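Hi,

Here is the structure I promised to pass on. Have a look at it first, and then read my notes below.

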Amino acid sequence: MAQLMEDDVFKAFTTYAAIVTLKMILMGPVTVYFRLTRGSFTNEEDVAWKSGEEKKKFLKSHPDVERVRRCHLNDLENIVPFFFIGLLYALSGPELSSALLHFRIFTGARIFHSFAYILVLPQPSRGLSYFLGMLVTFSMAYSLLSKVFFL
Amino acid sequence: MAQLMEDDVFKAFTTYAAIVTLKMILMGPVTVYFRLTRGSFTNEEDVAWKSGEEKKKFLKSHPDVERVRRCHLNDLENIVPFFFIGLLYALSGPELSSALLHFRIFTGARIFHSFAYILVLPQPSRGLSYFLGMLVTFSMAYSLLSKVFFL
Amino acid sequence: MAQLMEDDVFKAFTTYAAIVTLKMILMGPVTVYFRLTRGSFTNEEDVAWKSGEEKKKFLKSHPDVERVRRCHLNDLENIVPFFFIGLLYALSGPELSSALLHFRIFTGARIFHSFAYILVLPQPSRGLSYFLGMLVTFSMAYSLLSKVFFL
């Protein structure tokens with residue numbers, strides 16, 4: 001088992017996969033932060049300490065909170081496939097330089113995507129980083145399936 | 001490491017997992033397609049090039065877009081567990097024939113599920129493919145935990 | 001390959017990962033149960049057997065259904081990172097006692113979180129179990145990246 005973690009490609013995958021996963025987890029606390037500062041909650045028990053009239057005011061959606069939630073869901077929809085395909089790709093013995101290129105572009109694209117989403121950067125910045133990340137995953141899938149294919 | 005990719009069960013898992021993951025990724029571009037053709041966007045920066053009145057018209061939800069998004073989320077909720085359980089199952093040394101049966105039924109069920117969802121096929125076609133996929137994951141989990149159990 | 005499943009840490013990860021994944025899958029049938037008992041559906045084809053007036057009544061959201069769906073999404077947002085980080089952590093050769101501690105606390109926290117969410121337990125029970133689970137994932141990521149780091 002220790003052998004896996006002695007392979008440079010697998011070590012690189014581990015590092016970049018951990019970084020984008022941590023980035024994705026952080027969207028949770030960012031949502032909590034926006035909920036608290038914007039006063040926007042969904043569950044009644046979260047505002048149980050408020051009086052009747054105030055309660056209603058706090059149980060409303062807020063555009064900033066919804067924006068972070070969409071960003072979080074987009075992460076799930078894109079980082080999950082990257083991990084799945086990337087893990088199998090890393091195990092299929094690619095060139096280190098090629099693997100690093102894939103992992104680095106994806107990680108950069110997704111970090112930029114989050115900033116573009118939350119800071120409302122003008123399009124097509126968000127769209128391009130979204131498609132760039134997807135392109136990396138497709139490229140790894142192509143490389144993987146051209147080596148390993150067993151239907 | 002290369003040894004993993006010489007195992008037939010692992011090769012089969014790699015192939016089918018890549019196929020269903022690619023199918024799941026494709027829901028992203030399909031959503032984009034429906035957003036563009038139905039003129040339904042959520043983020044203001046996505047319609048920045050429109051004039052005031054038109055902007056409002058484009059910032060509305062559309063049933064077709066919402067349908068694809070539900071289909072995408074359903075994929076996440078079902079393909080993610082398949083990958084998790086399936087990866088560990090493939091590592092637990094099952095019979096190749098039994099593994100292939102699991103992977104093939106799941107892949108078929110999920111591809112059918114997407115068509116049933118997006119083309120609005122009459123129920124219970126969507127419901128049955130949903131439960132069939134889930135059943136496959138449960139069956140792999142049962143086989144896995146009856147071999148490997150360490151609490 | 002069989003070697004992986006002879007390692008106690010990997011066996012423990014397999015067991016706990018399978019348990020939390022099965023718990024997450026179960027949110028699907030729980031949602032179906034609430035949809036049926038609360039009479040709340042989203043897709044028109046799901047209520048095709050109802051007459052016109054009744055149809056509308058059944059195509060409404062219900063707070064209990066929305067609650068389970070939020071709980072399911074929260075599971076995805078937290079159990080997915082646990083699996084990603086936990087898998088790589090288990091492969092990095094941690095102490096068995098330390099690994100078991102991480103896996104057990106996470107599993108306990110997430111099972112409690114689901115009950116807290118669905119049974120509407122007063123806060124901060126849900127919030128604490130949410131952050132406890134996240135803390136476990138961060139701790140594994142720290143341990144992992146302090147051993148394996150290849151940028």
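Before you start clicking around, one term: a salt bridge here is a side-chain nitrogen of Lys or Arg within 4 Å of a carboxyl oxygen of Asp or Glu. By that rule, Arg126(A) pairs up with Asp46(B), and their closest N and O atoms are 3.0 Å apart.

A bit of housekeeping. This is a predicted model, where local features need pLDDT of at least 70 and side-chain atom pairs count only at pLDDT 80 or more, while totals for chains, interfaces and linings use all residues. Residues are numbered from 1 along each chain as its sequence is written, chains are lettered from A and ligands numbered from 1 in the order in which they are written, and side-chain values use heavy atoms, with hydrogens and water left out.

**How the chains are arranged**

What rotation puts chain B on top of chain A? A turn of 120° does it, with 0.0 Å of shift along the axis and an RMSD of 0.0 Å. The two copies are therefore related as by a three-fold rotation axis. (Copies are superposed by least squares on the C-alpha atoms of residues with pLDDT of at least 70 in both.) Chain A goes onto chain C in the same kind of way: the turn is 120°, the shift along the axis is 0.0 Å and the RMSD is 0.0 Å. Of the contact residues of chain A, 18% recur in chain C, and the copies use different surfaces.

**Where they meet**

Let's take chains A and B. Here 39 residues of chain B are in contact with 34 residues of chain A, where contact means heavy atoms within 4.5 Å. Only 18% of the interface residues of chain B are also interface residues in chain A, so these copies meet through different surfaces. About 3,000 Å² is buried between chain B and chain A, and carbon and sulfur atoms give 77% of that. Buried area is the accessible area (1.4 Å probe) that two parts lose on being put together, summed over both. The count of salt bridges between chain B and chain A is 3.

Now for chains A and C. There, 39 residues of chain A are in contact with 34 residues of chain C. The buried area between them is about 3,000 Å², with 78% from carbon and sulfur atoms. The rule finds 3 salt bridges across this interface too. You can also look up Arg126(C) and Asp46(A), whose side chains meet in a salt bridge at 3.0 Å, N to O.

**The helices of chain A**

Helices (H or I, at least four residues) are DSSP runs, numbered from the N terminus. Helix 3 of chain A covers residues 63-91, and its 29 residues should span 42 Å at 1.5 Å a residue; the end C-alpha atoms are 42 Å apart, which agrees. (The expected span is 1.5 Å times one less than the number of residues.) Is helix 3 mostly enclosed or open? Of its 29 residues, 24 are buried, so helix 3 is largely enclosed by the rest of the structure. Buried means under 20% relative accessible area, exposed over 50%, and partly exposed in between (1.4 Å probe, protein chains only). After helix 3 comes Gly93(A), with a positive phi near 70°.

An unreviewed UniProt entry annotates residues 12-34, 76-93 and 127-145 of chain A as "transmembrane region". Such positions are given in the numbering used here, feature names are shortened, and annotations may be inferred rather than shown by experiment. In the model, residues 12-34 are 100% helix and 0% strand, with the end C-alpha atoms 33 Å apart. Residues 127-145 are also 100% helix and 0% strand, and their end C-alpha atoms lie 27 Å apart.

**Some residues to look up**

Ile118(A) is in helix 4 (residues 96-118) of chain A. Ile118(A) is partly exposed, at 23% relative accessible area. Leaving out residues up to four places away in sequence, Ile118(A) touches Met27(A), Val30(A), Phe34(A), Arg67(A) and Cys71(A).

A cis peptide bond joins Gln123(A) and Pro124(A), with omega about 5°. Pro124(A) lies in the loop between helix 4 and helix 5 (125-147) of chain A. In chain B, Val120(B) has a positive phi near 50°, although it is not a glycine. Val120(B) sits in the loop between helix 4 and helix 5 of chain B, and counts as partly exposed at 38% relative accessibility.

Have fun with it!

Terms used:
Helices (H or I, at least four residues) and strands (E, at least two) are DSSP runs, numbered from the N terminus. The expected span of a helix is 1.5 Å times one less than its number of residues.
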